[in-house]
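Subject: Structure for you to look at

Hi,

Here is the structure I promised to pass on. Have a look at it first, and then read my notes underneath.

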Amino acid sequence: MADLDALLRDFADDCAELERIVAPLADWSAPTPAPGWSIAHQIGHLAWTDEVAALAATDPDGFAKLVEEAGPKAFTFVDEAAEEAATAPAAELLDRWRHGRVGLIEALRALPSGTKLPWFGPPMSPASMVSARMMETFAHGQDIADALGLTRTPTARLRTVAHIGVRTRNFAYTVRGKTVPAEEFRVELTAPDDSVWSWGPEDAAQKVTGHAFDFCLLVTQRRHRDDLALATVGADAAEWLTIAQAFAGPTGDGRSAGQFA
């Protein structure tokens, strides 16, 4: 993985790219492919989560209190926060999101090396935290692009999202109560510049290949497996692509086959 400063720059660039899409819009009420979520919900979710991540970085006790208040309904709590944020005028919500992510970047950059941040799951390093924020920004940004009928241009920043997708292989099995395959998989993805990003042993019996953008859409469940140019070798690798999930929390329904044909 890249160093923290590089990840923070990439995160800022990801957010700026999405802001260029939403900032000119006067109305953020358009529905997105996520059931019940408008563009405002998507940005509200990103804004709230960036703020909470900054809280974890600057005030662990305050974050612990928030987690205690959320209790076992933490993920419903997240949805309620998006619902509340979506009621704000677009300009106000945009300003909130902009300031929140800047605050997060500053907070993560100021942390001493080796710091672990509390989170809703296991503690995270600053690099892992900003990587997770990049994954979420990609995923929710894709929902917004789909709502507006836009095609995004893939960049090298996708490597961080793809890396999370590979690293969360075991989680995708355990969250569904499935047995995790004992052997590592080989993943080879064609990057936007036509180079190859790879993970896992070269001689692995289970293998996934294809375009990095497609893989990122798959692991964030923004496209159905059948609509993506990804190939597999081995039954386990094929099964993984039907359950892959880079985000925390309950399993999602994803998108229907042919939804964006």
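Helix α9, residues 212–219, lies across β1, β2, β3 and β4. Its direction is at about 115° to that of β3, which covers residues 207–211. Another helix, α10 (residues 235–243), packs on the sheet as well and touches β1, β3 and β4. The angle between the directions of α10 and β4 is about 145°. Before you read too much into any of this, keep in mind that the model is predicted.

Now the sheet itself. It is open and has four strands, in the order β2-β1-β3-β4, with mixed pairing. The edges are β2 (196–199) and β4 (230–233); each has a single partner strand, so one side of each lacks a neighbour in the sheet. On average, neighbouring strands are turned by 10° against each other, if you ignore direction.

Going through the pairs:

- β1 (residues 186–190) and β2 run antiparallel, joined by four bridges. Threonine 190 has valine 196 of β2 as its bridge partner.
- β1 and β3 run parallel and share five bridges. Here threonine 190 turns up again, standing opposite histidine 211 in β3.
- β3 and β4 are antiparallel, with four bridges between them. Lysine 207 stands opposite valine 233 in β4.

Next, the nonpolar cores. The largest has 41 residues, and the members that touch the most others are Leu18, Val22, Trp28, Ile43, Trp97, Leu108 and Trp119. Two or more residues each come from α1 (4–22), α2 (39–58), α3 (60–70), α4 (74–85), α5 (90–110) and α6 (126–148). The biggest contributor is α2, which gives eleven residues. A second core, separate from that one, has 31 residues, Leu158, Val208, Ala237 and Ala246 among them. As background, nonpolar side chains tend to be buried together in soluble globular proteins.

If you want one residue to click on in the largest core, try leucine 108. Setting aside its neighbours within four places in sequence, leucine 108 is in contact with Leu4, Leu8, Ala57, Leu117, Pro126, Met129 and Val130.

Leu158 of the second core also belongs to helix α7 (residues 158–167), which is mostly covered, with eight of its ten residues buried. Those eight are Leu158, Thr160, Val161, Ala162, His163, Ile164, Gly165 and Val166.

How do α2 and α6 pack? Their angle is about 170° and their axes are 9 Å apart, which means that α2 and α6 are roughly antiparallel to each other. On the α2 side, the contact is made by Ile39, Gln42, Ile43, His45, Leu46, Thr49, Asp50 and Ala53. The α6 side supplies Met129, Arg133, Glu136, Thr137, His140, Asp143, Ile144 and Leu148.

One last spot: serine 38, in the loop between α1 and α2. Is it buried or exposed? With the limit for buried set at under 20%, serine 38 counts as buried because its relative accessibility is 9%. Its side chain makes a polar contact of 2.8 Å with the side chain of histidine 41. Again leaving out neighbours within four places in sequence, serine 38 is in contact with Trp28, Ser29, Ala30, Pro31 and Thr32. Trp28 is also among the core residues listed above.

Cheers

Technical notes: Residues numbered from 1 in each chain as written. Predicted model: local features only at pLDDT ≥ 70, side-chain atom pairs only at ≥ 80, totals over all residues. Heavy atoms only, no water. Core = buried A, V, L, I, M, F, W, Y, C linked by side-chain atoms within 4.5 Å. Buried < 20%, exposed > 50% of the residue type's maximum accessible area, 1.4 Å probe, protein only. Contact = heavy atoms within 4.5 Å. Polar contact = N/O pair within 3.5 Å; in protein donor to acceptor, adjacent residues only side chain to side chain. Pairing = 2+ DSSP bridges. Axes fitted to C-alpha atoms, helices over the stretch in contact; angles between N-to-C directions. Parallel < 35°, antiparallel > 145°, perpendicular 65-115°, else oblique.
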